[in-house]
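User: I'm new to protein structures and would like a close look at one part of this one. Could you start with a single residue and what it touches, and then move on to how the helices pack?

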Amino acid sequence: MRRRFFRGFSAQIDLKDSELYVKNEKERDVLFSVNPFRESRPGLSEEGEEGERPPEWLELAGDLAWTATFSSVTSNTCVTEPSGVWNYAVLFCLTWHLWATQTTYDIRYYTNDWWHHLLFACQLSVYSILAALSGSFNVSWQVNPDATEVFKGNVTELTGNTMDANQEYLIKKSFRGINFMLFISRMLLLAQYIRVLWYRKRSKQFWSWQFLLTPLAILFAGGIFLGCYIMMKEDPNSKTVAITQLILWGVAVLSQAIAGAFTPEDGHRVLKNEGAMAPRLSSLTVIILGEGLNAICGTLSNSMNALGLHKTMVGQSLTMLIILYFIWLLYFDGFKIHYAPSKILEELWLCLHFPLHLSLILLLEGIKNVFIYVNVVESFSRLAQEFDKVMGKYSPSTGFPEHPTLEKLLQVLNISWKQETIKLQDAITADLADPTGGSVNVNGQIWRWWGTVIHSVILLYNDQQTDPEAEHNFEEFQLSSDAALANDFKDPDSPILARFYDIYFDKMAYTGHWIIPVSGTLILCMAIINTVQRWPRNRFAWGYSLSRFIIGATLILIGGITMSLPTIAIGYGVGVIVDRSILFLSVRSIRNTESLSRANFAYSSVEKGDYDPATGVDLAQLSHLPYGQERPHRSDSASAGKYAQEPMGSSASLYIAGGEEEKLHQESSDHLPYKP
């Protein structure tokens, strides 16, 4: 054993025993550049030539790199106000089009060589820098000054000017950096297409001027991004420049999509890499769902660590999981094909995935925010209910009573109710000399303490993410006098307390205003994508698309009425049930059609005189029999009984009326109308 082990240090490769090892070594030994087109060589047919598909790890790495970029965009851009939604939509469009154009190239012209490995590393760098620059991205710059205004609070004028200057510097740097990275990305992709054109000419492949459309569109888009970079550098404070930049971004993205639609396809077996876009889009959708699920799980973890599980939290959690499951079923279990019927429809089908992915991300983000909002409201309700019980038993002589339930609820906030009662009582005692009176002091101190608890709960559920204006208002609330807080305690609107918690509540509840319409847009996009991918040619295929159209339109129409997550779950659940019902009817129709087709085939075989090898029967000799009605003549030597031909079978065997098959004697075969 030991000799055999050390013998391997000097042994040569055995081609027979190391077949997989040899194949792996050859695959790893790549050239600097490989022709993406198949070349006809003597002795090697096109069918026998191996392809150059991208390694699975490379495709996955590219999708994950892009996903990391948009995940960073999500964390840096809060979609809790209108400007945040627009910022996210625009930046998502720019980064998504980078992925789409690069993937369109990869599924056709990628070859496993160092040229593409190096350019892939460059694209990863572009994605990483874009993610880093997304923090200060704001499309409202100079377009809507109110959306970019920095909250200053009570700072001095000089400090306020410094804050404005810093905000301006960060936004300008973000715009210039993003434009330059987009330009670099286009130049990298252009270099790849130029290389393909060179190989096309060298290999004498099919040529058309339309093959220049995509490279020219990429060059045009790169020029636009470079021009936007120069404009933002020369005159960044101009409203005209800001609006022009947004328009030019749209032109750059649209021009590449149009060029891709009119670029002709290479013939069959011309390219070594004949991939499909559908699997890549499916992988990307799975990754987006995974990112959304990860964010939701993080929120659920924070909620469980807050005030513990309760019925509302359990119900909302199950609803979120059901929604994710229904989205998965509606997208992946629906009707799909790998190739579109035309190049234009294929490009349209690809572009339609942009609103689908955008609405999916916004829906997942909205579900998370609505979940936080509902649980914060429920937590406040539980705390207020227990605190009311405490206040009902309070008296100046005995103080605040012990309350085990409230002690347990406040524990997650690192607050001890016993300790808080001591602090409250000391504060009230210290204020007894205040001429405003004891009741004012008690109400003021209690209201100040309650505001602190509300603030702590909000930050706990929001993962300690703060808002500058809300925090400033909270500090003013804490510094208010006992008399002001006592009046605020008696006022039903509580204006002093509401100044800080209304800001947080509005941010948490904002997504609830559009979460239902976004969920309808998502399923509507699925319906359009299915229709574009393959035009329905029967009532069942139309049923899939029309049911999703109806459900999507219904959710959009009722979107302004409710923000309830169960509404989305019910809508998607109806879609799944309708899909399965149509599938059941469709499969039954297919089976009936197949049965009828087999029966017609058997009858037509009789008419043509085909020979059935399964039974050795020459069916041509049965042609004089009316199908399923006449009986074959009985043999004189055969035992008595009625004979009938099996109506649907193709074996042409004879059966006794009782149902048992009778063996015909060889000697009686001459009396039958056929010879077995």
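Analyst:
**Starting from one residue**

Asn-179 touches Phe-225, Cys-228, Tyr-229, Met-232, Gln-245 and Trp-249, leaving out residues up to four places away in sequence; touching, or contact, means heavy atoms within 4.5 Å. Asn-179 sits in helix H6, which covers residues 157–202. Helices here are DSSP runs (H or I, at least four residues), numbered from the N terminus, as are strands (E, at least two). With a relative accessibility of 0%, Asn-179 is buried; that word stands for under 20% relative accessible area, with exposed over 50% and partly exposed in between (1.4 Å probe, protein chains only).

Keep in mind that this is a predicted model, where local features need pLDDT of at least 70 and side-chain atom pairs count only at pLDDT 80 or more, while totals for chains, interfaces and linings use all residues. Residues are numbered from 1 along each chain as its sequence is written, and side-chain values use heavy atoms, with hydrogens and water left out.

Now for two other helices. Helix H4, residues 82–109, has 28 residues and reaches 41 Å from its first C-alpha to its last, close to the 40 Å expected at 1.5 Å a residue; the expected span is 1.5 Å times one less than the number of residues. Because 24 of those 28 residues are buried, H4 is largely enclosed by the rest of the structure. Helix H5, residues 114–133, has 20 residues that should span 28 Å, and its end C-alpha atoms are 29 Å apart, which agrees. Among the buried residues of H5 are His-116, Phe-120, Tyr-127 and Leu-130.

Next, the nonpolar interior. The largest nonpolar core has 123 residues; such a core is a set of buried Ala, Val, Leu, Ile, Met, Phe, Trp, Tyr and Cys residues joined through side-chain atoms within 4.5 Å. H11 contributes the most to this core, with 20 residues. A second, separate core has 11 residues, including Val-196 and Leu-271. Back in the largest core, Leu-363 is one of the residues with the most contacts inside it. Leu-363 touches Ile-327, Ile-515, Val-518, Ser-519, Leu-522, Ile-568 and Tyr-572, again without residues up to four places away in sequence.

H11 also packs against helix H17 (residues 495–510), at an angle of about 135 degrees and with axes 7 Å apart. Axes are lines fitted to C-alpha atoms, for helices over the stretch in contact, and angles run from 0 to 180 degrees between N-to-C directions. So H11 is oblique to H17; under 35 degrees counts as roughly parallel, over 145 as roughly antiparallel, 65 to 115 as roughly perpendicular, and the rest as oblique. On the H11 side the contact includes Tyr-373 and Phe-380, and on the H17 side Phe-505, Met-508 and Ala-509.

Just before H17 there is a loop from helix H16 (482–490), and Ser-494 lies in the loop between the two. Ser-494 has a phi near 45 degrees, a positive value in a residue other than glycine. Most residues other than glycine have a negative phi. Ser-494 is also buried, at 7% relative accessible area.

Finally, Gly-520 in helix H18 (residues 515–533) is buried too, at 0% relative accessibility. Beyond its neighbours within four places in sequence, Gly-520 is in contact with Gly-552, Leu-555 and Ile-556. The C-alpha atoms of Gly-520 and Ile-550 are 9.4 Å apart, although 30 residues separate them along the chain.
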